Structure formats: C-alpha cells, structure tokens
Amino acid sequence: MSSSDRLLFNRQTSVHQALGGGLFADVILWRHTNVTMGIFIVTLASWMMFERSDYTFLSYVSNVLLLLLLILFLWAKSAQILNRPTPPIPYLQLSEETTNEAAALIREQINRVLSVSHDIALGKDPKMFVKVAAYLFIISTIGNLTDFRTLCYTSVFVALIVPVSYERYEEHVDSVLVKGNLKLKELYIRFDEECVKKVRKWILEKNKLS
C-alpha cells in the first residue's frame with residue numbers, strides 16, 4: 001500500500017492545510033505555542049473553577065457581564081461629570097450582506113440534513129443509515145458517561161492534543177485506520193448481504209402478495 005493510499009479520508013493535503021491553513025490551524029497544531037498553551041491553561045483553570053465552586057456557566061457569564069456593564073456605566077457618567085473622554089467602545093452592527101450569507105449557509109446545511117434524513121427514512125441510503133446510527137449510539141454512550149459541560153472541556157483538550165499527535169505519527173495512524181476501515185467495509189458488505197437484502201426482499205414479496 002503506497003503512502004498516498006494510506007492518507008486518511010483520501011485527502012491529498014497536509015494536516016495543516018486540512019485544518020484551513022490559517023491562524024486556527026497554527027493554534028491547533030501548536031505552531032503558536034504561547035497562544036495554544038494559554039488556551040489550554042485557561043480551559044483547565046475554568047474547568048477546575050466550575051467543578052470546585054457553586055457557579056454555573058450561565059451565572060458566571062451573567063455576573064461578568066453585569067460587572068462589565070456597571071464599570072462602563074460608571075465610567076461614562078464620571079466622564080460626563082469630569083469632562084473626560086468616554087469609554088472607547090466601537091459601534092458594532094451586522095451588515096445585511098453578512099446576515100444574508102449566514103442565513104444562506106444555515107439554510108443550506110439544514111436542507112442537507114433534511115435531505116439525508118428523508119433518504120434514510122425511505123431506505124434509499126443504507127450506508128448513511130449505518131453511519132448515522134453509529135454516530136447517534138456513540139453520542140448517546142458519551143452522554144450517559146458525562147455531562148455537557150465536561151464534554152465541552154474535553155472536546156477542547158482533544159482538539160489541542162489529537163491533531164498535533166496525529167501530525168507527528170501520521171503515516172502509522174493512517175495505516176492502522178485504513179486497515180480498520182477495510183475491515184468495517186467487509187463487515188458492512190456481509191451485513192448488507194445477510195440482513196438488509198433479505199429484509200428488502202421480504203418487504204417486496206409482502207407488497208406483491210398484498
């Protein structure tokens with residue numbers, strides 16, 4: 001098996017390019033060590049703070065926003081009284097073009113999900129049915145093992161550890177995953193022949209008799 005055949009997801013680019021090739025990829029792959037380490041430390045510290053204290057994420061964000069608004073309000077009022085410059089707060093506003101682009105992107109993704117769901121419900125895409133069922137089973141299993149907050153923190157840690165580890169041991173990991181993928185395809189073909197086709201044939205025969 002050649003090195004190109006072992007590339008994960010049949011990609012022809014590096015891990016950095018697959019992640020977008022910009023600042024996001026640099027941070028994920030620890031090209032900016034200080035920034036990545038800062039995110040890692042802040043995430044770990046916030047997780048420990050929420051786990052050890054009675055604060056929830058919503059109450060913490062509300063208190064921070066309340067404190068920020070109070071400081072800015074008092075700053076603005078004192079600036080008016082003392083004839084000082086007001087807080088340098090930029091005027092933020094979403095443009096109509098940005099809003100339309102975001103709405104179009106959301107609509108496209110929702111329509112894609114609805115189309116896939118329609119095909120699965122009508123039995124047109126057995127492969128996608130198996131994939132979706134597997135993903136939902138994994139999500140359900142993870143949900144039973146942990147809460148949403150811990151899952152979010154764990155996802156950040158995984159995003160900061162897995163890609164850089166994969167980039168370092170890329171060839172070995174690709175080789176193992178491709179072999180595993182071939183095994184799964186063989187199992188799916190066997191399942192399709194022994195179960196799915198028999199059920200489909202039974203349904204067609206039943207429809208003919210009715």
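**Close-up 1. Helix 3 packed against helix 7 in this predicted model.** Helix 3 covers residues 33-52, and its axis runs 11 Å from that of helix 7, at an angle of about 160 degrees. An angle over 145 degrees counts as roughly antiparallel, so that is what we call helix 3 relative to helix 7. The crossing of the two helices is left-handed. From helix 3, the contact draws on Thr36, Ile39, Phe40, Thr43, Leu44, Ser46, Trp47, Phe50 and Glu51. Helix 7 answers with Arg149, Thr150, Tyr153, Val156, Phe157, Leu160 and Ile161. Sorted by class, that gives ten nonpolar, four polar and two charged residues.

**Close-up 2. Thr150 and its partners.** Here we zoom in on Thr150, which sits in helix 7, residues 148-168. Leaving aside residues up to four places away in sequence, Thr150 touches Trp47 and Glu51. Both of these partners are listed among the helix 3 residues that make the contact with helix 7. Is Thr150 buried or exposed? Its relative accessible area comes to 18%, and the cut-off for buried is under 20%, so Thr150 counts as buried.

**Close-up 3. The two spans that UniProt annotates as "transmembrane region".** The unreviewed UniProt entry places this feature at residues 29-50 and 57-76. Take residues 29-50 to begin with: the span is 82% helix and 0% strand, and its end C-alpha atoms are 27 Å apart. Residues 57-76, for their part, are 100% helix and 0% strand, with 28 Å between the end C-alpha atoms.

**Close-up 4. Trp30, a non-glycine residue with a positive phi.** Look for Trp30 in the loop between helix 2 (23-28) and helix 3. Its phi is about 60 degrees, even though the residue is not a glycine. With a relative accessibility of 24%, Trp30 falls in the partly exposed class.

**Close-up 5. Asn83, with a positive phi of its own.** This one belongs to the loop that links helix 4 (57-82) and helix 5 (96-121). Asn83 has a phi of about 55 degrees, and it isn't a glycine either. Is Asn83 buried or exposed? The relative accessibility is 71%; anything over 50% counts as exposed, so Asn83 lands in that class.

**Close-up 6. Lys197 on helix 8, with Phe50 for reference.** Lys197 is part of helix 8, which takes in residues 170-209. At 44% relative accessibility, this lysine is rated partly exposed. How far apart are Lys197 and Phe50 in space? From C-alpha to C-alpha it's 51 Å, and along the sequence they are 147 residues apart. Phe50 may ring a bell: it is one of the helix 3 residues in the contact with helix 7.

Conventions: Residues are numbered from 1 along each chain as its sequence is written. This is a predicted model: local features need pLDDT of at least 70, side-chain atom pairs count only at pLDDT 80 or more; totals for chains, interfaces and linings use all residues. Side-chain values use heavy atoms; hydrogens and water are left out. UniProt positions are given in the numbering used here, feature names are shortened, and annotations may be inferred rather than shown by experiment. Helices (H or I, at least four residues) and strands (E, at least two) are DSSP runs, numbered from the N terminus. Buried means under 20% relative accessible area, exposed over 50%, partly exposed in between (1.4 Å probe, protein chains only). Contact means heavy atoms within 4.5 Å. Axes are lines fitted to C-alpha atoms, for helices over the stretch in contact, and angles run from 0 to 180 degrees between N-to-C directions. Angles under 35 degrees count as roughly parallel, over 145 as roughly antiparallel, 65 to 115 as roughly perpendicular and the rest as oblique. A crossing is left-handed if the near helix is turned anticlockwise from the far one by less than a right angle, and right-handed if clockwise. Ala, Val, Leu, Ile, Met, Phe, Trp, Tyr, Cys and Pro count as nonpolar, Asp, Glu, Lys and Arg as charged, and the others, Gly among them, as polar.
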